[in-house]
Amino acid sequence: MIIDERLASYIDSLDRGNTPFLDEILKYALDHQIPVVRRSMQSLLKFLLAYGRLESILEIGTAIGFSALLMCEYGPESCRITTIEKDEKRIALARENFKKAGQEEKITLLEGDAADILKTLKGPYSMIFMDAAKGQYIHFLPDILRLMKPGSLLVSDNVLQDGDVIQSRFAVTRRNRTIHARMREYLYELKHLPELETVVLPVGDGAALSVRRSPVATPEGNEH
Ligand code: SAM
């Protein structure tokens with residue numbers, strides 16, 4: 001927990017909740033230790049979907065389809081979602097959930113490793129929701145940038161790793177040390193790439209919101 005636990009519970013208690021079917025999937029996920037977006041992240045996604053005209057969404061990390069269905073439910077009627085997942089059991093459950101929700105038309109599930117699939121996509125997407133293996137975000141970034149147009153939004157979840165991202169390297173396992181180092185590198189890139197404007201928020205497990213800037217014309221007539 002990055003912010004005070006009581007404060008987080010209070011903020012969550014203000015939430016209006018989700019549809020009964022989303023609650024059902026959430027319960028299944030929690031009962032079976034399947035990771036899903038936390039309530040504060042759900043709230044942030046709903047806000048962004050209500051605010052912007054986010055009609056084409058790419059999600060990296062479907063799990064059993066909870067966040068894809070949440071985005072479908074709270075996004076504009078015309079919104080279409082492409083979501084990527086590599087775990088076969090979760091793919092089967094996600095397909096079942098999309099069918100039960102009657103949202104198969106709006107959601108395209110791409111099966112396989114995002115590292116390969118991203119290279120085959122053309123985009124652009126109005127929003128990309130990054131919610132896969134945390135150590136891989138940095139490797140996905142070049143393709144993510146290619147799939148964004150000016151004004152596109154990139155939402156990256158779990159970027160502060162419950163605050164562990166700044167843990168002393170001696171206090172964490174070697175595996176987590178690598179993941180944390182890659183996440184710090186990712187956050188540095190998000191904040192320093194001239195194409196992006198990024199804010200890192202202590203929401204849930206840490207969320208980074210990045211918008212792709214419009215190209216700026218230089219006095220020589222070039223764009224950068
Ligand atoms: N977005 C989901 C939700 O809130 O309902 C949760 C996604 S869960 C945190 C991350 C998922 O990403 C896992 O199901 C995992 O199998 C998948 N994943 C991790 N690395 C991946 C990769 N390289 N390609 C495709 N899927 C990946």
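Here are a few friendly notes on this predicted model, starting at the ligand and moving outwards.

1. **Where the ligand sits.** A good place to begin is the largest pocket, since the space taken by the ligand is exactly that pocket. In all, 21 residues surround the ligand. If you want to centre your view, the closest are G61, S67, E85, R90 and Q136.

2. **Make-up of the shell.** How many nonpolar, polar and charged residues does the shell around the ligand have? Sorted by class, there are nine nonpolar residues, five polar ones and seven charged ones.

3. **Contacts to ligand nitrogen.** Three contacts are worth displaying with distances switched on. The side chain of S67 places an N or O atom 2.8 Å from a nitrogen atom of the ligand. A polar backbone atom of A114 is likewise 2.8 Å from a nitrogen atom of the ligand. At A133 the partner is a backbone N or O atom, which lies 3.4 Å from a nitrogen atom of the ligand. As for cover, the ligand on its own has 600 Å² of accessible area, and the protein covers 93% of this.

4. **A salt bridge to look at.** The structure holds 10 salt bridges. One of them pairs the side chains of R95 and E111, with an N to O distance of 2.8 Å. Which elements does this pair tie together? R95 belongs to helix α5 (residues 88-100) and E111 to strand β3 (residues 107-111), so the bridge links parts that are 16 residues apart in sequence.

5. **Backbone points to check.** Two loops deserve a glance when you go through the backbone. Most residues other than glycine have a negative phi, and most peptide bonds are trans. Against that background, G123 and P124 are joined by a cis peptide bond, with omega at about -10°. You will find P124 in the loop between α6 (114-120) and β4 (125-130). The other spot is Q33, a residue other than glycine whose phi is positive, near 50°. Q33 is in the loop that runs between α2 (20-31) and α3 (39-51).

Conventions
Residues numbered from 1 in each chain as written. Predicted model: local features only at pLDDT ≥ 70, side-chain atom pairs only at ≥ 80, totals over all residues. Heavy atoms only, no water. Near = heavy atom within 4 Å. Polar contact = N/O pair within 3.5 Å; in protein donor to acceptor, adjacent residues only side chain to side chain. Areas by Shrake-Rupley, 256 points an atom, 1.4 Å probe, with all protein chains shown as cover. 1 Å grid on protein atoms, 1.4 Å probe; cavity = no way out; pocket = protein on both sides within 12 Å on 5 of 7 lines; lining within 4 Å. Sits in = over half its atoms within 2 Å of the grid points. Nonpolar A, V, L, I, M, F, W, Y, C, P; charged D, E, K, R; others polar. Salt bridge = Lys/Arg side-chain N within 4 Å of Asp/Glu carboxyl O. Helix = DSSP H or I, 4+ residues; strand = E, 2+ residues; numbered from the N terminus.
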